[in-house]
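Here is a briefing for a computational chemist. Take a look at the structure, then read the points by topic.

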Amino acid sequence: MPPVHQLVADTSQHWELLEDLTGRVEYCSPSCLAVTGYGPEHFLGSTGAVPRLAHPAYKAPLEVFLAELRSGPVQQKSLELRIRRHDGSTCWVSCHARRVAGTGGREFLRATLHDISNRKVVELELAASRLKDPVTGLHNRTWCMEHLKRQLERKRGGHHFTVAVVDIDRLKKVNDTLGPAYGDDIIRMAAERITSTIALPDAAARISGDGFALIFQDKTPRQIIKHIKEIQAAMSAPFDLRGHEVTITASAGIVSGFVPGERPEEILRNANIALRQAKTNSHHRYKVFHSHMFEESSRLMEIEIDLVSGLKNGEFFLEYQPIICLETKELNSLEALLRWRHPRHGLMQPDEFLPVAEATDFIVPLGEWVLRQACTDMVKILAEYPELNGLSMSVNISARQLAQHNIAETVALVLRETGLAAKRLSLEITETVAMEDPAFTAHCLHIIRALGVKISIDDFGTGYSSLSSLQNFPIDTIKVDKSFVGRMDTSAEQRKIVRSVISLAHSLKLDVVAEGIELREQWSMLKVLDCQNGQGFLFSHPVDALALRAYIDKKSALRP
Ligand code: C2E
Ligand code: MG
Ligand code: MG
């Protein structure tokens with residue numbers, strides 16, 4: 001009959017061990033069989049039998065662990081390690097060991113080990129999923145940040161790397177039209193196409209809904225560009241989405257050459273700045289980051305913030321440019337043009353801030369303000385000058401405004417609030433906007449026109465569409481872009497274009513306005529070509545409400 005304390009150890013569920021400070025096993029409980037597949041006889045009396053089981057990756061940590069307990073001040077310690085079982089498989093064990101005093105002043109290490117494989121598997125899976133994108137199986141943003149941090153540390157040792165952010169253009173459109181499940185399909189297939197072009201040690205991660213980060217090691221700029229082009233070519237092949245064929249494009253922002261102390265977030269931010277620029281470049285759709293881009297992007301961000309307070313603080317105002325009858329010089333209509341009195345940058349023209357307002361959708365409230373202000377001013381002008389009973393107001397409408405589902409409601413509301421008759425209002429949309437999604441444009445324009453509001457096509461001639469392609473739109477007026485008018489006095493070719501636009505417009509029973517008339521020659525030629533209306537610096541620059549009154553007064557005074 002063994003001593004009572006040994007009975008306790010013999011029947012323990014855990015693997016109990018006692019060894020002297022040289023590592024010779026003095027006692028081993030039978031549970032070792034369940035944990036290791038070896039019986040107690042394998043360990044008893046031997047030295048180093050337990051460390052020999054350790055998986056190679058854990059041999060060194062185990063040695064340190066034992067050395068500290070055998071020699072040092074450490075009295076007890078725990079370690080989790082992987083061991084190799086008798087059948088060749090591996091399992092995870094937790095080992096808790098302490099130094100104990102035995103008889104005769106001898107000291108021992110007493111260890112309790114138990115199998116923690118089940119828990120460890122879950123833990124490892126969780127750790128892996130923390131770094132993994134569930135949709136594509138690629139690494140995720142967290143992994144990417146940690147990886148970039150490691151790369152930046154390695155870089156101090158002369159290692160060179162490049163980061164490219166690749167973004168699927170218009171994924172939102174797929175999500176909106178076919179549903180998010182199809183969007184996920186595209187992402188998954190796109191990820192496969194990307195990974196098929198990537199080989200270790202380069203790596204790919206999905207870092208946002210439609211964005212991937214690629215990290216290239218020791219590659220030349222030429223190799224990187226070639227790689228990005230390969231990816232873009234791979235992406236442009238049609239995707240088969242459960243019977244729907246969808247084509248997409250991908251844009252990329254590339255950044256390399258990092259400054260000391262740079263952080264992973266800054267690298268991705270810079271790559272994204274380059275990406276945003278690439279998206280506006282319809283030819284190459286990739287851009288390499290330069291520091292000036294950062295300045296530009298900070299400026300745009302500043303404008304984005306200032307737009308909101310600008311509208312609140314009344315910093316926007318409208319100027320009006322007269323559109324006149326070219327034959328009689330009588331005032332026909334006024335075009336409202338937006339200006340911004342910026343508190344720091346001074347007077348800003350629309351091309352400096354409208355693109356930002358468009359990109360951020362701020363154009364929607366801003367455009368509504370323009371509409372309301374222009375209609376309010378128009379009502380006042382008509383009250384002051386009842387003789388101008390044929391006058392109308394032209395307001396520019398951007399793509400984003402048109403895409404709003406309730407644009408017609410907004411127009412109707414503003415007309416009601418200001419009391420302006422619908423026939424006194426004309427909305428201008430540019431040819432490029434109209435042709436972006438012709439069916440949708442036609443739908444919107446029909447609703448707006450049903451209110452009695454007139455429609456003009458602005459900047460005609462710049463969008464490469466034919467006049468007949470505009471036939472499906474309910475339009476009243478074509479505005480010939482100033483680039484043609486500006487060159488018609490010097491170029492026979494331009495003159496011919498203007499002539500055919502005017503005669504085609506007439507055959508479609510549309511009015512024509514020539515924009516940007518600066519010279520008397522242009523005016524005369526346009527009259528010969530039977531263009532009825534025009535606007536331009538020759539007649540008047542865009543002017544504020546006060547100067548406009550002076551303009552009208554002068555005209556009235558000239559009248560017999
Ligand atoms: P647009 O609608 O084609 O307006 C005509 C532009 O030509 C105006 O520029 C006007 O100042 C300019 N212009 C007029 N006559 C002449 C001329 O004889 N020679 C030259 N070189 N230019 C002339 P502006 O005010 O800078 O506006 C630029 C564009 O910004 C507008 O082009 C329009 O597309 C857009 N825009 C202006 N205000 C608004 C607005 O309230 N909403 C929207 N969505 N867009 C606006
Ligand atoms: Mg216009
Ligand atoms: Mg125009």
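Cys-144 is buried, as its relative accessible area is 0%. This is a predicted model, and every value below is computed from it. The notes cover cysteines, domains and the ligand site.

**Cysteines**
- Cys-444 is also a buried residue, with a relative accessible area of 6%.
- Which cysteine sulfur is closest to that of Cys-444? The sulfur in Cys-375 is, at 18 Å.
- That is too far for a bond, because a disulfide needs two cysteine sulfur atoms within 2.5 Å.
- The search of the whole structure turns up 0 disulfides.

**Domains**
- The domain assignment splits the chain into domain 1 (3-122), domain 2 (131-289) and domain 3 (313-553).
- Between domain 2 and domain 3, the C-alpha centres are 41 Å apart.

**Ligand site**
- Ligand 1 occupies the second largest pocket.
- There are 23 residues around ligand 1. Those that come nearest are Glu-335, Arg-339, Asp-458, Glu-518 and Phe-537.

**Polar contacts of ligand 1**
- The side chain of Asp-458 places a polar atom 2.7 Å from an oxygen atom of ligand 1.
- For Glu-335, an N or O atom in the side chain is 2.8 Å from an oxygen atom of ligand 1.
- Gln-321 faces a nitrogen atom of ligand 1 instead: a polar side-chain atom of Gln-321 lies 3.0 Å from that nitrogen.
- How much of ligand 1 does the protein bury? The protein buries 84% of the 800 Å² that ligand 1 exposes when taken alone.

Definitions and conventions:
Residues are numbered from 1 along each chain as its sequence is written. Chains are lettered from A and ligands numbered from 1 in the order in which they are written. This is a predicted model: local features need pLDDT of at least 70, side-chain atom pairs count only at pLDDT 80 or more; totals for chains, interfaces and linings use all residues. Side-chain values use heavy atoms; hydrogens and water are left out. Domain bounds come from an automatic or database domain assignment. Buried means under 20% relative accessible area, exposed over 50%, partly exposed in between (1.4 Å probe, protein chains only). A residue is near a molecule or strand if one of its heavy atoms lies within 4 Å of it. A polar contact is a pair of N or O atoms within 3.5 Å; within protein, one must be able to donate a hydrogen and the other to accept it, and residues adjacent in sequence count only if both atoms are side-chain atoms. Accessible areas come from the Shrake-Rupley method with a 1.4 Å probe; for residues, only the protein chains shown count as cover. On a 1 Å grid over the protein atoms alone, a cavity is a set of points where a 1.4 Å probe fits but cannot get out, and a pocket is an open set with protein on both sides within 12 Å along at least five of seven lines; lining residues have an atom within 4 Å of a point. A molecule sits in a cavity or pocket if more than half of its atoms lie within 2 Å of its grid points.
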